[in-house]
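Welcome, and please have your viewer ready. We will start from the whole chain and then select a few places one by one.

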Amino acid sequence: MYKNCKVELKNLKKDVDLSKIKFTTTKDIPILDSVIGQDRAVKSISFALAIKNSSYNIFVSGMRGTGRTTIVQDLLKKYAANEPSPNDWIYVYNFDNPDEPKALELPRRRARLLEKKFSKLIYNLKRELPKDFESNEYVEKKNKIIEQSQAKKRQIFTALEEEAIKSQIKIKSSTSGFHTIPVKGDKPVEEDAYQQLSTTEKNKIEKNIQKVQKQIKSMIRQATTIDRKTEDEVEALEQATADFAVTNIFDPIKEEFGDCKNIQSYFEEVSNDIITNVYSFLSTNQNKNSLPSPENQENAQINKYKINVLTDYSKLKGAPVVYEMNPTYNNLFGRIEKRSYMGYLYTDYTMIKSGSLLKANGGYLILDVEQVLRQPYVYDALKRYLRTKYLHIEDVHNLYGYTSTVGLKPIPIPINVKVILIGHKNIYNMLHNADEDFRKIFKIRADFDYEVTESQKNINKYIQFIARVVDEEKLLHFNKSGVQAIIEHAYRLVSHQKRISIQFSEIVRLIRESSYWAGQRRVKIVDKIDVIKALAEDKYRRNMSEEKIQMAIKENTYVFDVDKYVEGQINGLAVYSLGDYSFGKPSRITASTYIGNRGIINIEREAKLSGKLHDKGMLILSGYFASKFGDKIPLSFSASLTFEQSYGMIDGDSASCAELYALLSSLSNVPIYQGIAVTGSVNQKGEVQAIGGVNEKIEGFYEVCKMSKLNGKQGIIIPCSNVKNLMLNDEIISSIQKGKFNIWSVDKIEDGIRILTGVPAGVEHKDGTFTKDTIFYKAQARIKEFGKNAKQFGKDIADSMKKTNNISEDESDEN
């Protein structure tokens, strides 16, 4: 009679049938060039890419291992291939404000060409300008100017000397200046002779000296004027010579870059500065053995004319797609490098370096949101630049005021970048709820699924995916049985017979390891046995905790019965998750019922070892008993429930069915067969509901039963709604096929209690009673008995107290 509830063999696992697909090995299969599933995510991304508004950036959410990063990169590269490549950007010296280097935009492929051409131009100037200034023509013109100047000064001096002689004064020049000496005839007047002169003669000489000295001062002013004019003439000659040379050298590059107007103005600034500072090109006193420093570089002045190329898209086809795996502030937004010399740091515009955001300008930037949030200042700066559409390459310490030193402030660069953040949905929800800017900037969410609905199209794609992994990683090819085993494991990963896992990281790992074990067998084709071996070895590497628990069960450290009938006791099932491995373990649940009015007592809750979901399940049990028995009689009983040998937190409601069966067994005094374990949640109406981890729970209890020897009566009761989740291993299916183990599925409590006890649950009659000798009948009778006994006990207590009071009154009267 119980066979109606037994799960059929065909429903214990999804059998993948590849017989209609014609291939021998994956070598015969074309590799996958499209996406498996993810239609929702792909449509969302395509929609965001089609809208050019800067606020339509994308947040890609989903589980790791679903291939979200790879798929996003592939989609962006395909989309970017049809878009125009962006222009190049350079930084150059700002002659008006050296602390604010200029950012110039150039057509693609022109930046690196300009850098090369301009570097050669400066080299040619350094070589040619000295030659022009050493030419005969230049030297002759310069000498002529100097000679004319000297001739004019000699003429003035000669005239002065002649005038002084007329006044009997001789002018003598020295390094300290001009001296006036009185003469008589051709001979100077000696001091003794001068003293013998009359006062009139002395006054005359003094007057002549003063007159000559005034003339000397006038001559010096004229000479100075001549020198300045000469300097101006020489400088004009130098300017003209430099202008001629610079113009001849600059004309070809100006013509070559004639379509770049901003560069033309820069050429003018550079040529004017070179002409003005032409001596920096003529200096020949450089110390070639000196250390590199800001002061004694080969030519500090000429460093102003270097081109700093920030972005070069000469080899790029289409728009850039950049994936920044380490989004530090400097890596993402650029940096201003510094160099050390003699204990201090220095920098200039040639040390400005671009970051990923600028490299992705005109294209797409992919970032891991967890990495972005871990890096200081990055998230706020990213939002600011996306909002303003301008990138400021600054020293982060200066930006946030952590240093008082004055540094470079490069002119900001306009940006147009579509940013794609990749992360968990919880991060998206947190940012969306807490950050208003996030909602404005990242308007599109592309949610990646971890599973895809079964279809022949998806099965074909899955085979192509396996072929692609084999091809890309140069692995051994898989035959049909090997491919089938891989796909069956994909069903197992999501525990569903109609859905396939697209957590590709796990599938790729299994493909690699299966190929390895095939190689260990020294075969050239991967077979199903190699996949099974890979799964077994992977389990062995992870399941030490599971084996320790099974060993403790075998040694009776954990006490379980799997072949007895016991009242108020049942084996529930739980799943232990240890990060990368999950396994099932039975848990003994015991129930005690007795007279009282406290209802169901959850011992775990009393010990503060129960979670909220488990507490909710206990309250649902109270609701079930109230609806089943409380409409006709008061529920005059108390009950206690506990998980035996449980020393940690318990949560979830997947044991509520088992707890209800234990309570019914205790109330009805009908024992439960301990060889049958139960999992499933229940509602107040007694309907059995789905739970998670059904395969792990079945496999865990099966191992316990196997240790005690399978007897054909043992098995597990699961919810009917979980049959579609069954993906059991071949050993369990074989035991079920041989009649050594059983799987039952139920959707009502009544079905489960009959399987467990062999006694029908009972049908409720119109008068509120149940079919005689059934579980519900006996439970109701016991509840009535509890109520009757409680009432009688209360009456007895009252009578006893009354009798005691009467005796007290009699004694009082006697006194």
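A residue counts as buried when its relative accessible area is under 20%, as exposed when that area is over 50%, and as partly exposed in between. Keep these cut-offs at hand, as several stops on the tour use them. Keep in mind too that this is a predicted model.

**The whole chain**

Begin with everything shown as a cartoon: you should find 27 helices and 32 strands. Then orient the view along the principal axes, where the C-alpha atoms fill a box of roughly 170 × 100 × 50 Å. The radius of gyration is 49 Å, whereas a compact globule of 815 residues would have one near 28 Å.

Now switch on the surface. The protein exposes about 43500 Å², and carbon and sulfur atoms supply 49% of that area. Of the 815 residues, 45% are buried. If you draw the contacts between residues at least 6 apart in sequence, 77% of them join residues at least 24 apart. Colouring by charge brings up 120 positive and 106 negative side chains, and the centres of these two sets lie 4 Å apart.

**Stop one: Ser-44**

Select residues 39–50, which form helix H1, and pick out Ser-44 within this helix. Is Ser-44 buried or exposed? Its relative accessibility is 17%, so Ser-44 counts as buried. Leaving aside residues up to four places away in sequence, Ser-44 touches Ile-444, Arg-445 and Ala-446.

**Stop two: helix H4**

Next, select residues 136–166. This is helix H4, with 31 residues. From first C-alpha to last, H4 reaches 44 Å, close to the 45 Å expected at 1.5 Å a residue. Show the side chains of Tyr-138, Ile-145, Ser-149, Leu-160 and Ala-164, which are buried in H4. What do the buried residues of H4 pack against? Their partners are helix H3 (110–133), strand E4 (169–174) and helix H6 (199–256). Before leaving, look at Gln-168, which follows H4 and has a positive phi near 60 degrees.

**Stop three: Thr-247 in helix H6**

Stay with one of those partners, H6, and select Thr-247, which is placed in this helix. Thr-247 has a relative accessible area of 32%, so it is partly exposed. Add Gly-407 and draw a C-alpha to C-alpha distance: Thr-247 and Gly-407 are 34 Å apart in space and 160 residues apart in sequence.

**Stop four: helix H17**

Move on to residues 480–494, helix H17, which has 15 residues. Its first and last C-alpha atoms are 22 Å apart, close to the 21 Å expected at 1.5 Å a residue. The buried residues of H17 include Gly-482, Val-483, Ile-486, Glu-488, His-489 and Tyr-491. Ser-495 comes after H17, and its phi is positive, near 50 degrees.

**Last stop: two loops**

Select Gln-645, in the loop between strand E26 (638–643) and helix H23 (656–668). Gln-645 is not a glycine, yet its phi is positive, near 55 degrees. With a relative accessible area of 28%, Gln-645 is partly exposed.

Finally, go to the loop between helix H24 (694–707) and strand E31 (715–719), where Lys-709 sits. Lys-709 is another residue other than glycine with a positive phi, here about 80 degrees. Why does Lys-709 count as exposed? Its relative accessibility is 66%, and exposed means over 50%.

Notes:
Residues numbered from 1 in each chain as written. Predicted model: local features only at pLDDT ≥ 70, side-chain atom pairs only at ≥ 80, totals over all residues. Heavy atoms only, no water. Helix = DSSP H or I, 4+ residues; strand = E, 2+ residues; numbered from the N terminus. Rg over C-alpha atoms; globule rule 2.2 N^0.38 Å. Buried < 20%, exposed > 50% of the residue type's maximum accessible area, 1.4 Å probe, protein only. Contact = heavy atoms within 4.5 Å. Areas by Shrake-Rupley, 256 points an atom, 1.4 Å probe, with all protein chains shown as cover. Lys, Arg positive; Asp, Glu negative; His and termini not counted. Charge placed at Lys NZ, Arg CZ, Asp CG, Glu CD. Expected span 1.5 Å × (residues − 1).
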